[in-house]
Amino acid sequence: MFDCKTLASGSTGNCVFFREGKSAFLIDAGISFKKICSYLSDMSLSLDALKGVFITHEHSDHTKALATLSKRTDIPIYATLPTAREIYQDLFQKNDGEACRRFKENVRIIETGICYPAGELGITAFDLPHDSVSCVGFSISDDFGEKLLGLAADMGHITSKAVEALVGCKSVILESNHDLEMLKNSSYPSFLKERIGSDYGHLSNFDCSRLAEYLIKNNTKNLCLYHLSEENNLPELALSTTSERLAASTNTKYNVTVAAKEGITEVIQ
């Protein structure tokens, strides 16, 4: 039975857990190694249950645990070539020779548009627009081709590639990073506000609600709002922006949740 939960969400760290049968995986590892082990324990699992970690991009809030994971385990780390090179370079600059060596041994290079095995599932990466060397989302399907889960975070604007990958997914984890007015009036310097609001920054609550409406009308049943900004958003604001739009436009049954900053949030209800 397919199972998915978020373990962390936001600017301080992001991590998603999914499994089918005895095979468990992470998407991103932007929290400490210790916290990952703790959350697995809360689910009555050990680190041995993890069969792989899929990385969206190189920013530290998505890769924090990779050095320790590389040094202490043989868990494969899946990333695009530009992302893998950037992570390796960061480890090299930190003079962590052991992490560099082990990361090179554990990394597996993936390409967008190709379906890779993840236990009994298939996982496909797709490009997202973000200010990193490479950024991808993921869609997960079963062996019948049914789209079980889509994840899209750290994207500055909605693209046709993202829509194509997400449409029809039964459950979707979708970025709802900031409220436009809160960002405009925040204490952030102008250059940072411009970066976040740019086409290669982060998705606003408003744009998240637009995409959510389309997805819910096309077979998505569970929506988890993800990667909320601590300063420029509120969980209740992200939830109300999307929920009010959905309530006004569809009578389809659906479930919308907001991923907790820390701790386990059920994606599939």
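The legends below describe close-up views of a predicted model.

**View 1. An open sheet of 7 strands with mixed pairing.**
The strand order across the sheet is 6-5-4-3-2-1-14. Strand 6 (107-109) and strand 14 (262-266) are the edge strands; each has a single partner strand, so one side of each has no neighbour in the sheet. On average, and ignoring direction, neighbouring strands of this sheet are turned by 25 degrees against each other.

**View 2. Strand 1 against the edge strand 14, with helix 1 packed on the sheet.**
Strand 1 (residues 2-8) and strand 14 run antiparallel and are joined by 3 bridges. Lys5 has Glu266 of strand 14 opposite. Helix 1 (residues 33-42) packs on the sheet and touches strand 1, strand 2 (15-20), strand 3 (23-27), strand 4 (50-54) and strand 14. The direction of helix 1 makes about 40 degrees with that of strand 14.

**View 3. Strand 4 and its pairing with strand 3.**
Strand 3 and strand 4 are paired in the parallel sense, over 4 bridges. Ile27 has Phe54 in strand 4 as its bridge partner. Of the 5 residues of strand 4, 4 are buried, so the strand is largely enclosed by the rest of the structure.

**View 4. The largest nonpolar core and the surroundings of Ile36.**
The largest nonpolar core has 32 residues, and the members that touch the most others are Leu7, Phe17, Leu26, Ile36, Val53, Leu66 and Leu69. Helix 1 supplies the largest share of this core, 4 residues. Leaving aside residues up to four places away in sequence, Ile36 touches Leu26, Ala29, Ile31, Leu47, Leu50, Ala65 and Leu69. Another core, of 25 residues, lies apart from the largest one and has Phe54, Ile110, Leu121 and Val267 among its members. In soluble globular proteins, nonpolar side chains tend to be buried together.

**View 5. The pair formed by helix 4 and helix 5.**
Helix 4 (residues 81-93) and helix 5 (residues 97-106) have axes that come within 8 Å and cross at roughly 160 degrees. Because angles over 145 degrees count as roughly antiparallel, helix 4 is roughly antiparallel to helix 5. The crossing of helix 4 with helix 5 is left-handed. On the helix 4 side, Ala84, Ile87, Tyr88, Leu91 and Phe92 meet Ala99, Cys100, Phe103 and Lys104 in helix 5.
The loop between helix 4 and helix 5 contains Asn95. Asn95 is not a glycine, yet its phi is positive, near 60 degrees. With a relative accessible area of 72%, Asn95 is exposed.

**View 6. Lys71 in helix 3 and its contacts.**
Helix 3 (residues 66-72) includes Lys71. Lys71 has a relative accessible area of 36% and is therefore partly exposed. Beyond residues up to four places away in sequence, Lys71 touches Asp96, Glu98, Ala99 and Arg102. One of these contacts, Ala99, is also among the helix 5 residues that meet helix 4. Leu203 is 132 residues from Lys71 in sequence, and the C-alpha to C-alpha separation is 34 Å.

**View 7. The oblique pair of helix 9 and helix 10.**
The axes of helix 9 (residues 205-216) and helix 10 come within 9 Å and cross at roughly 40 degrees. The two helices, helix 9 and helix 10, are therefore oblique to each other, and their crossing is right-handed. Helix 9 contributes Asn205, Phe206, Cys208, Ser209, Arg210, Ala212, Glu213 and Ile216 to the contact, and helix 10 contributes Leu237, Ala238, Thr241, Thr242, Arg245, Leu246 and Ser249.

**View 8. Loop residues on either side of helix 10: His227 and Asn251.**
His227 lies in the loop between strand 12 (222-226) and helix 10 (235-249). Its phi is positive, about 60 degrees, although His227 is not a glycine. His227 is buried, at a relative accessible area of 3%. Asn251 lies in the loop between helix 10 and strand 13 (255-258). Asn251 counts as exposed, at 81% relative accessibility. Asn251 and Thr159 are separated by 92 residues in sequence and by 26 Å in space, C-alpha to C-alpha.

Methods:
Residues are numbered from 1 along each chain as its sequence is written. This is a predicted model: local features need pLDDT of at least 70, side-chain atom pairs count only at pLDDT 80 or more; totals for chains, interfaces and linings use all residues. Side-chain values use heavy atoms; hydrogens and water are left out. Two strands pair if DSSP finds at least two bridges between them. Axes are lines fitted to C-alpha atoms, for helices over the stretch in contact, and angles run from 0 to 180 degrees between N-to-C directions. Contact means heavy atoms within 4.5 Å. A nonpolar core is a set of buried Ala, Val, Leu, Ile, Met, Phe, Trp, Tyr and Cys residues joined through side-chain atoms within 4.5 Å. Buried means under 20% relative accessible area, exposed over 50%, partly exposed in between (1.4 Å probe, protein chains only). Angles under 35 degrees count as roughly parallel, over 145 as roughly antiparallel, 65 to 115 as roughly perpendicular and the rest as oblique. A crossing is left-handed if the near helix is turned anticlockwise from the far one by less than a right angle, and right-handed if clockwise.
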